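Could you walk me through this fold in my viewer, one selection at a time? I would like to know what to pick next and what I should find there.

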Amino acid sequence: MNITNNTILITGGGSGIGLEIAKALSPANRIIIVGRNKEKLDAAANGLENVFTIQADITNETDVTRLYEEVKTTFGGLNILINNAGHAYAYTLSENSDMYSKAVAEFTTNYFAPIRLTEKFLPLLKQQNEAAIVNVSSIVGFVPGSHVPTYSDSKAALHSHTRLLRYELAKDTHIKVFELMPPLVNTDLSVEIGGRENGIPASDVANDLVKALQEDIYEIRVGNTELIYNNFFSATEGAFSVMNN
């Protein structure tokens with residue numbers, strides 16, 4: 001698809017993968033980064049060309065409605081929605097760890113929020129000659145990680161939803177649906193699980209997304225995600241062992 005002269009909204013755009021995507025796409029597009037912390041967003045946008053900020057909590061229905069209205073009124077439309085914001089807890093199911101509350105929080109951000117945002121922005125996306133939705137899932141959407149159990153659940157759910165969304169929108173719209181599937185990435189979100197030491201740079205993920213958008217590659221399996229998928233996905237027990245040892 002064309003990756004110039006678009007209006008692109010990126011949730012969780014103040015840091016990590018979202019910010020690197022904004023950097024990669026901002027020279028030739030108009031970028032809106034969204035997050036809960038205004039100071040963090042403003043600092044991220046400082047010095048970047050064509051990057052605008054909107055403070056909003058994507059898990060809050062009122063904020064999502066306000067976000068939609070501001071994008072519609074101020075920017076006049078939307079070409080690409082990137083559902084990137086994520087929430088994760090590192091723990092194991094054998095711990096006395098309040099897993100229910102953690103699962104609810106993770107699903108609220110990682111699964112229900114992208115669904116609500118997609119539903120809200122579909123009318124704007126349908127008005128474009130070419131548009132896209134990008135859902136950021138994870139390697140653990142294919143093979144669960146024992147250190148992030150309910151986060152893995154939420155990303156598996158998002159993967160399933162994304163496949164069905166792609167199938168349905170391909171029938172009668174110009175909206176393309178992409179899924180970005182990173183492995184462990186060096187971001188603030190992954191510090192607890194060794195991302196600083198073992199994660200790939202967030203810029204690598206952003207660069208793979210840009211290439212995939214240009215070439216219409218709808219499932220973007222970055223780094224070790226591709227390795228796991230190609231070498232182990234047909235043998236689920238082997239894949240599970242590789243992921244968790």
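Start by selecting residues 149-172, helix α5. Keep in mind as you go that this is a predicted model. Colour the buried residues of α5: P149, T150, Y151, S152, S154, K155, L158, H159, T162, L165, R166 and L169. What covers them? Among the elements over these buried residues are α4 (99-126), β5 (131-136), β6 (175-181) and β7 (219-221). If you like a quick geometry check, put a distance on the two end C-alpha atoms of α5: they are 37 Å apart, which agrees with the 34 Å that 24 residues should span at 1.5 Å a residue.

**Next stop: the neighbouring helix**

Add α4 to the selection. The axes of α4 and α5 are 8 Å apart, and the two helices pack at an angle of about 20 degrees. With the cut-off for roughly parallel set at under 35 degrees, α4 and α5 are therefore roughly parallel to each other. The crossing of α4 past α5 is right-handed. To see the contact itself, show side chains: on α4, the residues that meet α5 include M99, F107, Y111, I115 and L122. On the α5 side, the residues taking part include Y151, L158, H161, L165 and L169. Some of these you have already coloured, since Y151, L158, L165 and L169 are among the buried residues of α5.

While α4 is on screen, pick T109, which sits in this helix. Is T109 buried or exposed? Its relative accessibility is 13%, so T109 counts as buried. Beyond its neighbours up to four places away in sequence, T109 touches I58, T59, A85, G86, H87 and P114.

**On to α3**

Now select residues 61-75, helix α3; its axis comes within 11 Å of that of α4, and the two cross at roughly 25 degrees. That makes α3 roughly parallel to α4. The contact joins E61, V64, T65, L67, Y68, V71 and K72 of α3 to R116, L117, K120, F121 and L124 of α4. As with the earlier pair, α3 passes α4 in a right-handed crossing.

**Turn to the sheet**

Hide the helices for a moment and display the strands. There are seven, in an open sheet with the order β3-β2-β1-β4-β5-β6-β7 and parallel pairing. Which strands stand at the edges? They are β3 (51-55) and β7; each has a single partner strand, so one side of each is left without a neighbour in the sheet. Look along the sheet to see the twist, which averages 15 degrees from one strand to the next.

Bring α5 back: it lies across β5, β6 and β7, and runs at about 160 degrees to β6.

Zoom in on β5. Six of its six residues are buried, so β5 is largely enclosed by the rest of the structure. Both faces are covered, with A131, I133 and N135 buried on one side and A132, V134 and V136 on the other. Four bridges join β5 to β4 in the parallel sense, and A132 of β5 is the bridge partner of I80.

Stay in β4 and select I82. This residue is buried, with a relative accessible area of 0%. Leaving aside neighbours within four places in sequence, its contacts are I8, L9, I10, T11, I21, V134, V136 and L209. For one more distance, try the C-alpha atoms of I82 and G12: they are 9.3 Å apart, though their positions lie 70 residues apart along the chain.

**Last stop: β1, β2 and α1**

Select β1 (residues 7-11) and β2 (residues 30-35), which pair in the parallel sense over five bridges. Here L9 stands opposite I32 in β2. Then show helix α1 (residues 16-25), which packs on the sheet and touches β1, β2, β4 (80-83) and β6; its direction makes about 165 degrees with that of β1. The buried residues of α1 are I17, G18, L19, I21, A22 and L25. They pack against β1, β2, β4 and β6, and also against α2 (38-45) and α7 (202-215).

Finally, zoom out. The whole chain has nine helices and seven strands, and 49% of its 245 residues are buried. Of the contacts with a separation of 6 or more, 64% are between residues 24 or more positions apart.

How values were computed:
Residues numbered from 1 in each chain as written. Predicted model: local features only at pLDDT ≥ 70, side-chain atom pairs only at ≥ 80, totals over all residues. Heavy atoms only, no water. Expected span 1.5 Å × (residues − 1). Buried < 20%, exposed > 50% of the residue type's maximum accessible area, 1.4 Å probe, protein only. Contact = heavy atoms within 4.5 Å. Pairing = 2+ DSSP bridges. Axes fitted to C-alpha atoms, helices over the stretch in contact; angles between N-to-C directions. Parallel < 35°, antiparallel > 145°, perpendicular 65-115°, else oblique. Left-handed = near helix turned anticlockwise from the far one by under 90°.
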